[in-house]
Amino acid sequence: MAERERMDFDVVIVGAGPAGLATAIALRDAAPDATIVVVEKGSEVGAHILSGVVVDPSGLDRVTPDWASDPDFPLTTTVTRDRFALLGPAGEMAIPNALMPPLMSNHTSRIGSLSDLTKWLAARAEAADIEIYPGFAATELLIENGAVTGIATGDMGLLADGTPGPNHEPGMELGAKYVVLAEGVRGSLTKQAMAQFGLAEGREPQKFGLGMKELWRVDDAVFEPGLVQHTMGWPLGKGTGGGSFMYHFGDNLMSLGFVVHLNYKNPHLDPFMEFQRFKTHLSIKPYLEGAKRVGYGARAISEGGFQSVPKLAFPGGCLVGCGAGFVNVPRIKGTHNAMQSGAEAAAHIAAALADGRANDNLTAYDEGWREGPVGRDLYPVRNAKPLWSKYGMLGGLAAAALDMWTHTLFNRSLFGTVGHGGADHEALQPGAKMTPIKYPKPDGIITFDRASSVYLSNTNHEDNQPVHLKVKDLDLQMTSELSVFAAPSSCYCPAGVYEWDLAGEAPRFVINAQNCVHCKTCDIKDPNQNITWVPPEGGGGPNYQGM
């Protein structure tokens, strides 16, 4: 096999999302002569970016302070109305805004497409002579003498058995004085770094949710520019956490999303079908009548918050953004913290480069984030998720609201810092102990199947390449995932990647890797941690537009 070529830079950033691009832009400002490169596994910047999204402008103010005066800035809709409600099977109960802590207000925030925002940030970065390489999946950390010295991208043109095909091109080695991992939730190199350097030691386990989003173009009669609505409750049962979002923006566009916390117990629960069922609620369905669905996608969300943030620095690099777990769960916001963390990391990297340092531990970045803007944002809401998990929706909601109010008024908590307990995959119960759930058949008008939804995500992977969803032990998959846990993979995947073929003499585990939208849910929720998501050939996966 041909040797890999090598290029060397001062800083290599993995991931062209808000965190990675904010790091690059802030670093160029602080270190004008540094050589910086950003690698992105999507076919183009923004192709793998998915969120609601309502953006708190504080991150933009820090990294691109002139954003509001830029005529090309894509988030043109400002929040005009906040609405919160609890849903029941036959109706809803609005929660008065006066009962919500002030930090829950979305006024001054902007609504739009996070994919479009990253494209705007990428244009800013390229104008500052920062190289961005889309279509290159980082697959390996280069480690020498106990320190990260760069990354390697994956080979192109491998056949399904892993051998070089006729169009094979070896990956490249990108050497660096510092590597910034900005891969988003459950990134593959982030997992490598956390294992190699023990970054999660002494922290609470990270918690996750599965966020699914549809983009709709709705009628004038129901369109309210600037509306931001969040709900909790139906159709999820009392033992399952989650909720919905609805954002109106742009040209009659509506982002409609549903989040299921991945610490649910019932392996028969199907998050995708819960989302479809949610749309039939009498308070949601009127928005969809006569509307057209124009987009679909899914992505895991980090929900552990303050107490689950790992060590951010390791020899030769650091973590930024959602890979580190900076989402503010009650606010359902992470973009502002992703950008803030990138700016913080850039400041420490610039100082290290100015001192002539390389491949050492950016200890000050790790030690300082709690007193910075990200820590100040996450600390007051740190108990919202664990209190919900401990006391259920109504009890947890009341306890979390009380906790956030005491922080607002007295800067302290009645609960201290509440732990999360176990990891999400440990929550699943054996299938025989849990009640099966029968979901109605999609109507193709308001509710849909997985196949038509994945089609809207523009997902594609090159044929005849190695499967990027690695099963460590197929026998374990049959004796445990199927026989004990009743095949939860066929339910939790929002793209129909996994299915069990029971028609033959022996059950067969089928992986439809072509469908994968890179949500990472399988990597998180498999009860035996027997499935590992790794990057496919660069450029593969969804190609989100306006999501």
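**Chat about a predicted model**

Trainee: Starting with Ser341: buried or exposed?

Mentor: Ser341 is buried, at a relative accessible area of 2%. Buried means under 20% relative accessible area, exposed over 50%, and partly exposed in between, using a 1.4 Å probe and protein chains only. This is a predicted model: local features need pLDDT of at least 70, side-chain atom pairs count only at pLDDT 80 or more, and totals for chains, interfaces and linings use all residues. Residues are numbered from 1 along each chain as its sequence is written, and side-chain values use heavy atoms, with hydrogens and water left out.

Trainee: Where does Ser341 lie?

Mentor: In helix 7, residues 335–354. Helices (H or I, at least four residues) and strands (E, at least two) are DSSP runs, numbered from the N terminus.

Trainee: And what is Ser341 in contact with?

Mentor: Leaving aside neighbours within four places in sequence, Ser341 is in contact with Val320, Gly321, Phe326, Tyr365 and Val374. Contact means heavy atoms within 4.5 Å. A polar atom of the Ser341 side chain also lies 2.8 Å from the backbone oxygen of Ala338. A polar contact is a pair of N or O atoms within 3.5 Å; within protein, one must be able to donate a hydrogen and the other to accept it, and residues adjacent in sequence count only if both atoms are side-chain atoms.

Trainee: Zooming out, how many helices and strands are in the protein chain?

Mentor: The protein chain has 14 helices and 24 strands. Its C-alpha trace spans about 65 × 65 × 45 Å along the principal axes. Of its 547 residues, 59% count as buried.

Trainee: What about contacts between residues at least 6 apart in sequence?

Mentor: Of those contacts in the protein chain, 78% join residues at least 24 apart.

Trainee: Sheets next. In what order do the strands of the 7-strand sheet come?

Mentor: The order is 6-5-15-16-17-14-18, in an open sheet with mixed pairing. Strand 6 (91–95) and strand 18 (292–302) are the edge strands, each pairing on one side only. Two strands pair if DSSP finds at least two bridges between them.

Trainee: So which way do strand 14 and strand 18 pair?

Mentor: Strand 14 (residues 208–217) pairs with strand 18 in the antiparallel sense, over 10 bridges. For Leu210, the bridge partner in strand 18 is Ala300.

Trainee: What packs on that sheet?

Mentor: Helix 5 does, touching strand 5 (81–88), strand 14, strand 15 (227–233), strand 16 (242–249), strand 17 (253–261) and strand 18. Helix 10 (residues 384–410) lies across strand 5, strand 6, strand 15, strand 16 and strand 17.

Trainee: How many residues of strand 15 are buried?

Mentor: 7 of its 7 residues, so "mostly covered" fits strand 15. In a regular strand the side chains alternate between the two faces of the sheet. On one side of strand 15 the buried residues are Leu227, Gln229, Thr231 and Gly233, and on the other they are Val228, His230 and Met232.

Trainee: How does strand 15 pair with strand 5?

Mentor: Strand 5 and strand 15 pair in the parallel sense, over 7 bridges. Phe84 has His230 in strand 15 as its bridge partner. Strand 15 and strand 16 run antiparallel and are joined by 4 bridges. There, Val228 stands opposite Tyr247 of strand 16.

Trainee: Back to helix 5. Why call it largely enclosed?

Mentor: Because 7 of the 8 residues of helix 5 are buried, the rest of the structure largely encloses it. The buried residues are Pro271, Phe272, Met273, Glu274, Phe275, Gln276 and Phe278.

Trainee: What caps the N-terminal end of helix 5?

Mentor: Asp270: one of its side-chain oxygens lies 3.1 Å from the backbone nitrogen of Phe272.

Trainee: What about His281, where is that found?

Mentor: His281 is in the loop between helix 5 (271–278) and helix 6 (285–288). With a relative accessible area of 1%, His281 is buried.

Trainee: Which residues does His281 touch?

Mentor: Not counting residues up to four places away in sequence, His281 touches Leu87, Gly88, Pro89, Gly91, Trp234 and Pro286. Its side chain reaches the backbone oxygen of Gly88 at 2.7 Å. His281 and Leu87 are 194 residues apart along the chain, with their C-alpha atoms separated by 8.4 Å.

Trainee: Last one: what does Gly198 do just after helix 4?

Mentor: Gly198 takes a positive phi of about 60° there. In helix 4 (residues 188–197), the buried residues are Ser188, Leu189, Thr190, Ala193 and Phe197.

Terms used. Axes are lines fitted to C-alpha atoms, for helices over the stretch in contact, and angles run from 0 to 180 degrees between N-to-C directions.
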